[in-house]
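Hello,

Here is the structure I promised to pass on to you. Have a look at it first, and then read on for my notes on what turned up.

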Amino acid sequence: MKSIRSRMLVSYGSVILLVVLLLGGLFLFAVRQYYYESAYQALSERVQVSARFYGEYLGDMALSEKAKYIYDNAKTEDFAKIEVLDGNGEPVSTLYGVESASHRSAPDVRDALKGQKGSWSGTSPETGEHILAITRPLLEGEPQSGLIRYTTSLEKVDGVVRTILWFTIAIALTVLGISLLVIRLLAHRIVRPIEELKITANRMARDDFSLKAVKQYDDEVGQLADTLNFLSDELVKNEKLKNEFISSVSHELRTPLTSIKGWSETLLSGGLEEREETELGLKVISSETDRLVGLVEDLLDFSKLQSGGIHMRKEPLELSGLVEEVGQQFAPSAARKHLELAVEWQDGPVSLIGDRDRLKQVLINLLDNAMKFTGEGGQIRLQLTVEEDEALLVVSDNGEGIPVDELRHVTSRFYKASSRHPGSGLGLSICQEIVEQHGGRLTISSAPGYGTTVAVSLPVAAAVG
């Protein structure tokens, strides 16, 4: 597996190498063109001036006399070698009176024999040097009048170009080396925080949340460190909530089981002769059994809702009748506890698509909580109103309320408030799941000592989900 550091070095290094090669190649091409073109232009102008001058002023002279005149007036320190050729491309003579080899096969001479200006760059067969040769007729367009050929060595130009080439290569290698060093440093700067995050994540995966990610820079990696620390804190909280939940549920299960076991043993050991005692024991056993069933059903409902295992049987229903039914169901319990229960709904039907049993479960849970946390003589109100395209169910009480630091957690799974009242702590979480599966929302507001208000908003007159 390639590391991020090595991939950065390869990727960015390849790009920089490509850019360096491209720019270096363009630079060398431009330099080469400049030097060789300058040499060509200088020699070409010399040939043109000489041919025009000798062609005009020596036009009536024989070719051998023209050659003698040209050689006699040529500068010995000139950078170019001058040769006069006849109409067949053969040399008449040289500056030193020594005939040179035939140049008929040279490309520049062949072009000049056709009446054109010819040029050629290559290796001299005589000296082995790299030369530039330019040939043209003494009279423009008339090769039979004789040819004048200038040749110059390009060895110095080649030396300058080679020097620039090596200098360019050295600069390119230096730039490439510095770039790779900078890339390595940048890669290390980027990768090091990621490696530290990896170490932290690995320790978290082994349930060690003592190590926190260090935020070094305020960038994406720094945000990732913040997210990882937030995840760590949430996992610690959830682990604590889970343990508290297990402890609470264990206690809630143990209490009714202890009562059931105790009364069962009492009835068995004392016989069934005492009718009042038997009836009391059976009532306690029945009550505690109902309590156990409720706890188990809460656990099963929560598990199914979390896994999506519960299928909502949604069908048209009338909400006003459901509110009235639940209110009548809780009226006796409220009277026994000396609580004032007010149930209100607006005139006319309030229709929606939903699962009647599950929505009834929500109302029962909310009213049960309100009665559980409201003292004797308190007031509980269940209201149904319609606002635009939503039905609003509100359960409010003037009970003990919920502390501010606990309010935002009461619908969280595994959360049980600090209250001493019994329960699984799953009721509100289940209610929220049911409401959300109906396309609605559940909101809670509360103030310690002043009571709690739970509002359920549900879309009306439309199929949900």
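Let me start with the aromatic rings: the structure holds one aromatic pair. Its partners are tyrosine 34 and tyrosine 35, arranged edge-to-face, with 5.2 Å from centre to centre and 80° between the planes. Tyrosine 34 counts as exposed because its relative accessibility is 54%, and the cut-off for exposed is over 50%. Tyrosine 35, at 30% relative accessibility, counts as partly exposed.

Before going further, please keep in mind that this is a predicted model. The mean pLDDT of the chain is 80, and 87% of its residues reach 70 or more. Among the elements of the chain, strand S12 (residues 451-459) has the highest mean pLDDT, 92, while H6 has the lowest, 73. One stretch to treat with care is residues 94-98, where pLDDT stays under 50. For that stretch the model has five contacts beyond four places in sequence. Where pLDDT is low, the predicted coordinates should not be read in detail.

Now to helix H7, which covers residues 319-336. How far apart are its end C-alpha atoms, and does that agree or disagree with the expected span? They are 27 Å apart, and the 18 residues should span 26 Å at 1.5 Å a residue, so the two agree. H7 also has a kink of about 35° at phenylalanine 330, shortly before proline 332. Phenylalanine 330 is one of the buried residues of H7, along with Leu319, Ser320, Leu322, Val323, Val326, Gly327 and Ala334. An α-helix has 3.6 residues a turn, so residues three or four places apart point the same way. You can follow that spacing in the buried set, for example through Leu319, Val323, Val326 and Phe330.

What covers the buried residues of H7? The cover includes helix H8 (356-372) as well as strands S6 (315-318), S7 (340-345), S8 (351-354), S9 (379-387) and S10 (390-397). After H7 comes histidine 338, whose phi is positive, near 60°.

The last topic is charge. Side chains of opposite charge can pair when their charged atoms come close. A search of the whole structure finds eight salt bridges, and here are some of them.

Glutamate 325 is a good place to look. This residue forms a salt bridge with arginine 356, with the closest N and O atoms 2.6 Å apart. The pair links distant parts of the chain, since glutamate 325 is in helix H7 and arginine 356 is in helix H8, 31 residues apart. Glutamate 325 also forms a salt bridge with lysine 360, the closest N and O atoms being 2.7 Å apart. Here again helix H7 is linked to helix H8, with the two residues 35 places apart. At 28% relative accessibility, glutamate 325 counts as partly exposed, and arginine 356 is partly exposed too, at 30%.

Helix H8 takes part in another salt bridge, between aspartate 357 and arginine 313 (3.4 Å, N to O). Aspartate 357 lies in helix H8 and arginine 313 in the loop between helix H6 (275-307) and S6, 44 residues apart. Aspartate 357 is partly exposed, with a relative accessible area of 48%, whereas arginine 313 counts as exposed at 52%.

Elsewhere, Glu83, Asp108 and Arg149 are linked in a network of salt bridges.

Enjoy exploring it!

Best wishes

Technical notes
Residues are numbered from 1 along each chain as its sequence is written. Side-chain values use heavy atoms; hydrogens and water are left out. Rings of Phe, Tyr and Trp (its six-membered ring) pair if their centres lie within 6.5 Å; planes under 30 degrees apart count as stacked, over 60 as edge-to-face and the rest as tilted. Buried means under 20% relative accessible area, exposed over 50%, partly exposed in between (1.4 Å probe, protein chains only). Helices (H or I, at least four residues) and strands (E, at least two) are DSSP runs, numbered from the N terminus. The expected span of a helix is 1.5 Å times one less than its number of residues. The bend at a residue is the angle between axes fitted to the seven residues ending there and the seven starting there. Contact means heavy atoms within 4.5 Å. A salt bridge is a side-chain nitrogen of Lys or Arg within 4 Å of a carboxyl oxygen of Asp or Glu. pLDDT is the predictor's confidence in each residue, from 0 to 100.
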